[in-house]
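Reader: I would like to learn how to read a model feature by feature. Can you take me through one?

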Amino acid sequence: MQRRQFLQTSALATALLGGMPLSATAKTAKGKVVVIGGGYGGATAAKYLRLLSGNQLNVTLVEPNATFISCPMSNLVVGGLRKISEISTPYTGLARNHGVKMVKDYVTAIDVEKRTVKLKSGKTLPYDKLVLSPGIDLQLDKIEGLQAANASGQILQAWKAGPETVGLRKQLEAMPDGGTYILNVPLAPYRCPPGPYERASMVANYFKQYKPKSKVLLLDANADVTSKGKLFKGVWESEYKGILEYRPNMKVTGVDGATKTVRFEFEEPIKGDVLNILPDQRAGKLAVDSGIANLNKRWAEVNYMTFESTVAPNVHVIGDSVQGAPLMPKSGHMANSQAKVVAAAIVAQLSGWEPNATPLTNNTCYSYVTTNNVIHVASVHVYNAEKKTFLTVEGSGGVSAAPNELEGTYAWNWAQNIWADTLV
């Protein structure tokens, strides 16, 4: 590690560890930590567990994929502005640069009492601390006909970046000019609050340039746009009038993949040409099956100071699977931020110290609304010991005044920086 990098890491460690310098960790932090899931939360946690412990902790990251594909910026692939390769990063940097042990496998079971995890390959990994970051599970069975339509490839979600992202793009390219693309928004909470609205904007942007007779129909189960509503609606009026139609209070109850039909509880069915139907979401399947998603079998409750599960000792849950604190979004940036809080807390606990009593998390979410114009929302959250939750810091964030090209530059630079921070 170069001197400049060491000084930067030392400063960050001092902040995350509540004043304890990095140099102190190298002599005290001992133990085995297993991290499940290599998304923004898990990959960041694995890296920072090594950094903050002075490379003393034995850290294993279990992730079935060889390459990280970013959900943030994946709507640009759907809209034809980027290629999937531009939002993909191999996991090799975590092993090469930080000594994280990579295991390309699935975890099938967690034994909280024995502190072990069982892999699909049959192997068992012991742990002193477990970081669980399994992302979300799409509840396809909540919408009649959706499981079958997804299995056949007729209706895709592309809400986990990867093959379906490319598949959805191909469906849009194959759609005739004059066709209708139907996208729905599930009831909150769901992964990335502004994500569906950005996707609708990106598809409308594509239609405006290449298929001007086509239409985007955005059906929202919520009463209104859940994030950056005034900004999104302003763009839809100024840029996509006649192309993008937004309808609130439209909860999807069923689909027919063969006839491309969407059904609702009260409204008449609607037919389209490309259906992009998003069901309700919950914590990743492993969290549900292990009982760690203990809130209505949907989200995991945690002690927010350390993100340790309220029902599974020594298991720390981060990212989209967590029952969020007030105004804490399910976003990639937030998962990255939570991961650093957890890494610091685990290093402290395995060193015999008290964790930082006032950890901070932050979030920035950029949304493309045209080829070059972008809007954002940002916030800072601090742990409140009295209320035992994170509260937003007054005046710490907010939204863009208006869409602009400069934020487009910021957005792509943000992506490059957070990918490097998570994976390199």
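Author: What follows goes through helices, strands, one residue in its setting, cysteines and backbone angles. Keep in mind that this is a predicted model.

Reader: Start with helix packing. What describes two packed helices?

Author: The angle between their axes and the distance between the axes. Take H3, residues 40-52, and H11, residues 332-350. Their axes come within 8 Å and cross at roughly 35°.

Reader: Which hand does the crossing of H3 and H11 have, left or right?

Author: The crossing is right-handed.

Reader: Which residues make the contact?

Author: H3 contributes Tyr40, Gly41, Thr44, Ala45, Tyr48, Leu49 and Leu52. From H11, the list includes Gly332, Ala335, Ala339, Ala343 and Val347. By class, the contact has 11 nonpolar, 4 polar and 1 charged residues.

Reader: Next, burial along a helix. Which residues of H9 are buried?

Author: Buried means under 20% relative accessible area. In H9, residues 229-239, the buried residues are Gly229, Leu231, Phe232, Val235 and Trp236.

Reader: What do the buried residues of H9 pack against?

Author: One helix, H8 (195-210), and several strands. The strands are S12 (215-220), S13 (244-247), S22 (360-368), S23 (374-384) and S25 (398-399).

Reader: What about the loop that leads into H9?

Author: Look at Ser227, in the loop between S12 and H9. Ser227 has 11% relative accessibility, so it counts as buried. Leaving out residues up to four places away in sequence, Ser227 touches Pro193, Pro194, Tyr197, Phe232 and Val377. Phe232 is also one of the buried residues of H9.

Reader: Now sheets. In what order do the strands of the open sheet with S6 run?

Author: For a sheet, read the strand order, then the pairing, then the edges. Here 3 strands form an open sheet in the order S6-S7-S8, with antiparallel pairing.

Reader: Which strands stand at the edges?

Author: S6 (107-111) and S8 (124-126). Each has a single partner strand, so one side of each is left without a neighbour in the sheet. The twist averages 20° from one strand to the next.

Reader: How many bridges join S6 to S7?

Author: There are 4 bridges between S6 and S7 (residues 116-119), and the two strands run antiparallel. S6 and S7 form a hairpin with 4 residues between them. Arg115, in the turn, has a positive phi of about 55°.

Reader: Pick one residue of S6. How do I place it in its setting?

Author: Ask for its element, its burial, its partner and its contacts. Ile110 is found in strand S6. It stands opposite Val117 in S7. Ile110 is buried because its relative accessible area is 16%, below the 20% cut-off.

Reader: Which residues does Ile110 contact, apart from its neighbours within four places in sequence?

Author: Ile36, Thr116, Val117, Tyr127, Leu130, Leu132, Leu286, Ser290 and Ile292. Ile292 sits 182 residues from Ile110 along the chain. Their C-alpha atoms are separated by 9.8 Å.

Reader: On to cysteines. How many disulfides does the structure hold?

Author: The test is a pair of cysteine sulfur atoms within 2.5 Å. The structure holds 0 disulfides. Cys192 is in none; its nearest cysteine sulfur belongs to Cys365, 4.5 Å away. Cys365 is in no disulfide either, with the sulfur of Cys192 as its nearest, at 4.5 Å.

Reader: Are Cys192 and Cys365 buried or exposed?

Author: Take each in turn. Cys192 has 21% relative accessibility, so it counts as partly exposed. Cys365, at 11%, counts as buried.

Reader: Last, the backbone. Where is there a cis peptide bond?

Author: Omega is the angle to check. A cis peptide bond joins Ala188 and Pro189, with omega about 5°. Pro189 is in the loop between S11 (180-185) and H8.

Reader: Which loop holds Asn249?

Author: The loop between S13 and S14 (252-256). Phi of Asn249 is near 55°, a positive value in a residue other than glycine. Asn249 is partly exposed, with a relative accessible area of 46%.

Reader: And what is phi at Lys388?

Author: Positive, about 55°, although Lys388 is not a glycine. Lys388 lies in the loop between S23 and S24 (389-392). At 60% relative accessibility, Lys388 counts as exposed.

Notes
Residues are numbered from 1 along each chain as its sequence is written. This is a predicted model: local features need pLDDT of at least 70, side-chain atom pairs count only at pLDDT 80 or more; totals for chains, interfaces and linings use all residues. Side-chain values use heavy atoms; hydrogens and water are left out. Buried means under 20% relative accessible area, exposed over 50%, partly exposed in between (1.4 Å probe, protein chains only). Axes are lines fitted to C-alpha atoms, for helices over the stretch in contact, and angles run from 0 to 180 degrees between N-to-C directions. A crossing is left-handed if the near helix is turned anticlockwise from the far one by less than a right angle, and right-handed if clockwise. Contact means heavy atoms within 4.5 Å. Ala, Val, Leu, Ile, Met, Phe, Trp, Tyr, Cys and Pro count as nonpolar, Asp, Glu, Lys and Arg as charged, and the others, Gly among them, as polar. Two strands pair if DSSP finds at least two bridges between them.
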